[in-house]
Amino acid sequence: MSTTTQNRLESRYAGITLEGDPHALTAWFVVVLRVVMGGMMLFAGLGKFAFVSGEGFDATGYLVHGVDAASPVSGLYAAMAGNAALLEIINVTIPVTQVLIGVALLVGGFVRLAALGGALQMFAFYLGGWEGQLLALFDSTLIYAVVFLALAAIGAGRILGADRYLERLEVGGQTLLERFPALRYLMG
């Protein structure tokens, strides 16, 4: 295995320059991180389906009893639980999006979109679980949200993922990204 590959990280933003030379194995760890997070989301979503767990997912318990009163979203989540139509949408949306996020990360396709969805979901869980204590600021759901954002920023789908191939796909004599530039924000 070659460890002589030159990798370079650079960013210039708001007058601040960041630079670094990551190890040659960094790309492999990005793939592992993407697959682990994808597997976590896939199995979290699958476990919420009745055909897997024996009973369908119901967010009522979490929205009513699982959210601490000190949480900034406690009133919002309680109101969501009180609306039967919205609760049904939540009960379908959470497991379906978790499965879709998991599959997208595992195959490395539309990784930025999937990672953003994962980060938003984790941040919603983070807000619901926050008890107002300073030490509770850094819990696992916040860490997961940041990991999802890092996968999006790195462009983890371009490393041994479907996004690498999809972005180069020719459509009408142009690459997919040249023809549809907005996809740049969803893939990578």
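Met37, Ile101, Leu105 and Phe148 touch the most other members of the largest nonpolar core, which counts 17 residues. Four helices each supply at least two residues of this core: α1 (26–46), α5 (84–107), α6 (111–129) and α7 (140–154). Apart from it lies another core, of 10 residues. Ala59, Val73, Ala81 and Ile94 are among its members. The model is a predicted one.

Take Ile101 as a way into the larger assembly. Leaving aside residues up to four places away in sequence, Ile101 touches Met41, Ala114, Gly117, Gly118 and Phe148. Phe148 is also one of the four residues that touch the most other core members.

Now step back to the whole chain. There are nine helices and four strands. Starting at the N terminus, the order of elements is β-β-α-α-α-α-α-α-α-α-β-β-α. The chain has 188 residues, and 31% of them count as buried. Along the principal axes, the C-alpha atoms fill a box of roughly 55 × 40 × 35 Å. The accessible surface of the chain is about 11300 Å². Carbon and sulfur atoms account for 68% of that surface. Consider also the contacts between residues at least 6 apart in sequence: 62% of them join residues at least 24 apart.

The N-terminal strands come next. Strand β1 covers residues 9–13, and strand β2 covers residues 16–20. The two run antiparallel and are joined by five bridges. Together they form a hairpin, with two residues between them. Within this pairing, Glu10 stands opposite Glu19 in β2. How many of the five residues of β1 are buried? The count is zero, and the strand is hardly covered.

The turn of this hairpin holds a backbone feature to look at. Ala14 lies in the loop between β1 and β2. Its phi is positive, about 55°, although Ala14 is not a glycine. Ala14 has a relative accessible area of 67%, which is over the 50% cut-off, so the residue counts as exposed. A positive phi turns up again at Phe110, which is likewise a residue other than glycine. There the value is near 50°. Phe110 sits in the loop between α5 and α6. Is Phe110 buried, partly exposed or exposed? Its relative accessible area is 32%, between the cut-offs of 20% and 50%, so Phe110 is partly exposed.

Charged side chains come next. The structure holds two salt bridges. One joins the side chains of Glu10 and Arg12, at 3.2 Å from N to O. Glu10 is partly exposed, because its relative accessible area is 45%. Arg12 counts as exposed, because its relative accessibility is 58%. In the other salt bridge, Glu167 pairs with Arg158, and the closest N and O atoms are 2.8 Å apart. Where does Glu167 fall, buried or exposed? Glu167 counts as buried, because its relative accessibility of 11% is under 20%. Its partner Arg158 is partly exposed, with a relative accessible area of 29%.

Nonpolar side chains also appear on the surface. Which residues form the nonpolar patch there? They are Val35, Val103, Leu106 and Val107, with about 280 Å² of accessible area together. Helix α5 gives the most to this patch, with three residues. Val35 has its place in helix α1. Val35 counts as partly exposed because its relative accessibility is 35%. Helices α1 and α5 are also among those that supply at least two residues each to the largest nonpolar core.

One last stop is helix α7, another contributor to that core. Ile143 is found in this helix. With 49% relative accessibility, Ile143 lies under the 50% limit, so Ile143 counts as partly exposed. Leu113 is 30 residues away from Ile143 along the chain. The C-alpha atoms of these two residues are separated by 18 Å.

Note on methods. Residues are numbered from 1 along each chain as its sequence is written. This is a predicted model: local features need pLDDT of at least 70, side-chain atom pairs count only at pLDDT 80 or more; totals for chains, interfaces and linings use all residues. Side-chain values use heavy atoms; hydrogens and water are left out. A nonpolar core is a set of buried Ala, Val, Leu, Ile, Met, Phe, Trp, Tyr and Cys residues joined through side-chain atoms within 4.5 Å. Buried means under 20% relative accessible area, exposed over 50%, partly exposed in between (1.4 Å probe, protein chains only). Contact means heavy atoms within 4.5 Å. Patches are made of residues with over 30% relative accessible area and no salt bridge: like charges are joined within 9 Å, nonpolar side chains (Val, Leu, Ile, Met, Phe, Trp, Tyr) within 5 Å. Accessible areas come from the Shrake-Rupley method with a 1.4 Å probe; for residues, only the protein chains shown count as cover. A salt bridge is a side-chain nitrogen of Lys or Arg within 4 Å of a carboxyl oxygen of Asp or Glu. Two strands pair if DSSP finds at least two bridges between them.
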